[in-house]
Amino acid sequence: MAEPDYLDDDNPELIRPQKLVNPVKTSRNHQDLHRELLMNQKRGLAPQNKPELQKVMEKRKRDQVIKQKEEEAQKKKSDLEIELLKRQQKLEQLELEKQKLQEEQENAPEFVKVKGNLRRTGQEIAQAQES
């Protein structure tokens, strides 16, 4: 690259251009941040602000690894554990059905509740008379 003409002449009348100062680079905050980034790079630490796509991909990969571990653990379960899990699921299902019935009965109109009570008392009286 060729040198500019004004550098060769030592003419005192010429005004020599000066390099402009970048206010961002001279600010103390910028210098501290740049120094911190360089130190982290030397240590091998990545900056905390990762791109959103990279975060999503890392989360998917973690989820996939966790899912694979769970599947492997599922495969290793003994027959007893499998049977216990089945029973637990059945009990939870029965419990949910009971809760639904109770909610339906609580939400039922008053005359339906009274009718049910009359039936029960009628059945109890019939059973008492038979014995």
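Trainee: Which residue takes a positive phi just after helix 3, and what is its value?
Mentor: Good place to start, keeping in mind that this is a predicted model. Helix 3 covers residues 28–43. The residue just after helix 3 is Gly44, and its positive phi is about 95°.

Trainee: How many helices and strands does the protein have?
Mentor: Following the chain from the N terminus, you meet the elements α-α-α-α-α-α. The strand count is 0, and the helix count is 6.

Trainee: What does helix 5 reach from its first C-alpha to its last?
Mentor: Helix 5 takes in residues 79–107, which is 29 residues. At 1.5 Å a residue, 42 Å is expected. The model comes close to that, with a reach of 42 Å.

Trainee: How many residues of helix 5 are buried?
Mentor: Helix 5 is hardly covered. Across the whole protein, buried residues make up 2% of the 131 residues. Among the 29 residues of helix 5, the count of buried residues is 0.

Trainee: Why does Gln102 count as partly exposed?
Mentor: Let's place Gln102 first: it lies in helix 5. Partly exposed residues fall between the 20% and 50% cut-offs. Gln102 belongs in that class because its relative accessibility is 48%.

Trainee: What radius of gyration does the protein have?
Mentor: Its C-alpha trace spans about 130 × 45 × 25 Å along the principal axes. For a compact globule of 131 residues, you would look for a radius of gyration near 14 Å. The protein instead has 40 Å.

Notes
Residues are numbered from 1 along each chain as its sequence is written. This is a predicted model: local features need pLDDT of at least 70, side-chain atom pairs count only at pLDDT 80 or more; totals for chains, interfaces and linings use all residues. Side-chain values use heavy atoms; hydrogens and water are left out. Helices (H or I, at least four residues) and strands (E, at least two) are DSSP runs, numbered from the N terminus. The expected span of a helix is 1.5 Å times one less than its number of residues. Buried means under 20% relative accessible area, exposed over 50%, partly exposed in between (1.4 Å probe, protein chains only). The radius of gyration is taken over C-alpha atoms; the globule rule is 2.2 Å times the number of residues to the power 0.38.
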